[in-house]
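User: I would like to learn how to read strands and sheets in a model. Can you take me through it?

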Amino acid sequence: NTEIEINSLDPGVYYWHVASIDESEFPGKFGKYNYFTIIKDKSKPYLVINSPSDYCVTKESQIAVSGETEPELSVKINEQKTVSDSKGAFSGLVQLKEGINKIRFMVADKASNTTESIKNVICEQNPDVELEINKKNLSAQTETFTFISRKANLTGHTRSLSELLITSGGMGRLVSYADTLGEFNIHLEISQPEENVKITITTPAGFIRTQKLQLKVKNNTPVIQLSNPLSQRTNESQILLEGTIKNSDKLFINNEEAAIDNARFSKTVKLNKGINRIKFTGEIDSQENEIEKEIYLDQTPPELISNNVTVDNKKDVLFLKLNIAVKDESELKKTAAVVLKTASGDRAFVMKLNKLSKQYAAEISLPKSELKELALKSFIVEDQLGNKKEYEIQK
């Protein structure tokens, strides 16, 4: 054979020479030494894109691209393959489609280290600018939108990165922009029951569309009001909701219709453990007014984490220092009870809460005459909702 392949060599300098073997398998003289060097190359090749710039705009269906890297390396431009020249320069031509085009450049060196870069190119050839507002494709010269309050929200879709200029007599001028997906969100304060608005859309390529809007405010919108504020937390598994509703003959609470009598409503709602979201919806002429409240159902008593007792003997008096740590989903009561079993019977003492450490503490003094029978019997802890538990102490 005139060649050999050797694998798995470590970095370093390797010397080699060759001798021929005759038909009788006698070797001849070795020739001169040759050598090669193996190095570990973990450095990624540099890559500079000269053209195009990111998010550049063109009305052409193709664009010339160019860049620089290390000499004579493999370069991939999307699916096109090329090789950089002796100075590292490369170029190509990329076909574009309408909208945002991603052009991916990838260069690989001989050690298979790769570097990538992505440039976005906006291609616009269609002068007819699309426009959708509040899920409605606009086709008429003037479109009408009705809102239940003077605070209007216009969400929609148009050409990517377009500028939207909103003008009206009552609101003045407002400028907004579509994002890279063409989505936009415009908040308006309608100054009168009917407001005429003009939106001028200018695309990155300079195409312009003008759209007129008539914004109306519906005066007789439903108004929902609760008789009493809804507590944020409760330990009751169901609550009674009462209140009034105006400008509506229907009311839905969590999508279930609630009876209305002389504009008043009353409905019992069952709660689940944890966060409960209660949605009130009034309706008139297909216009809705909705409020949402949250209430947390907590029926779990505080949990005892640890307890600590220290005893100090002084003459005829015994001093006890008690500390207990607890945790709870709701706010704890300011006091807890500790029950001691003494010679004269069970005695309860009050422990006070430290809100920062969430620990109850008490200092108790007892005459030594009661030492014949003295034991820590239990702790009684309770949260502000009334969830209570007595923890028996086994020592």
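User: Which residue is the bridge partner of Lys 321 in β33?

Analyst: The model is predicted, so local features need pLDDT of at least 70, side-chain atom pairs count only at pLDDT 80 or more, and totals for chains, interfaces and linings use all residues. Residues are numbered from 1 along each chain as its sequence is written, and side-chain values use heavy atoms, with hydrogens and water left out. Strands of a sheet pair through backbone hydrogen bonds, either parallel or antiparallel. Strands are DSSP runs (E, at least two residues), numbered from the N terminus. Two of them pair if DSSP finds at least two bridges between them. Here, the partner of Lys 321 is Glu 363. Nine bridges link β30 (residues 317-327) with β33, and the two run antiparallel.

User: What joins β32 to β33?

Analyst: Three bridges do, again with antiparallel strands. Asn 354 lies opposite Gln 359 in β33. The two strands form a hairpin with four residues between them. In that turn, Lys 358 has a positive phi of about 55°.

User: Which strands are at the edges of the sheet β12-β11-β14-β17?

Analyst: Start with the order: this open sheet has four strands, paired antiparallel. Its edge strands are β12 (136-137) and β17 (183-189), each pairing on one side only. Seven bridges hold β14 (residues 151-157) to β17. Gly 156 faces Phe 184 across that pair.

User: What is the pairing in the sheet β4-β10-β9-β6-β7?

Analyst: It is mixed, in an open sheet of five strands. The edges are β4 (56-58) and β7 (80-83). β6 and β7 run antiparallel, joined by four bridges. There, Ser 74 stands opposite Val 83.
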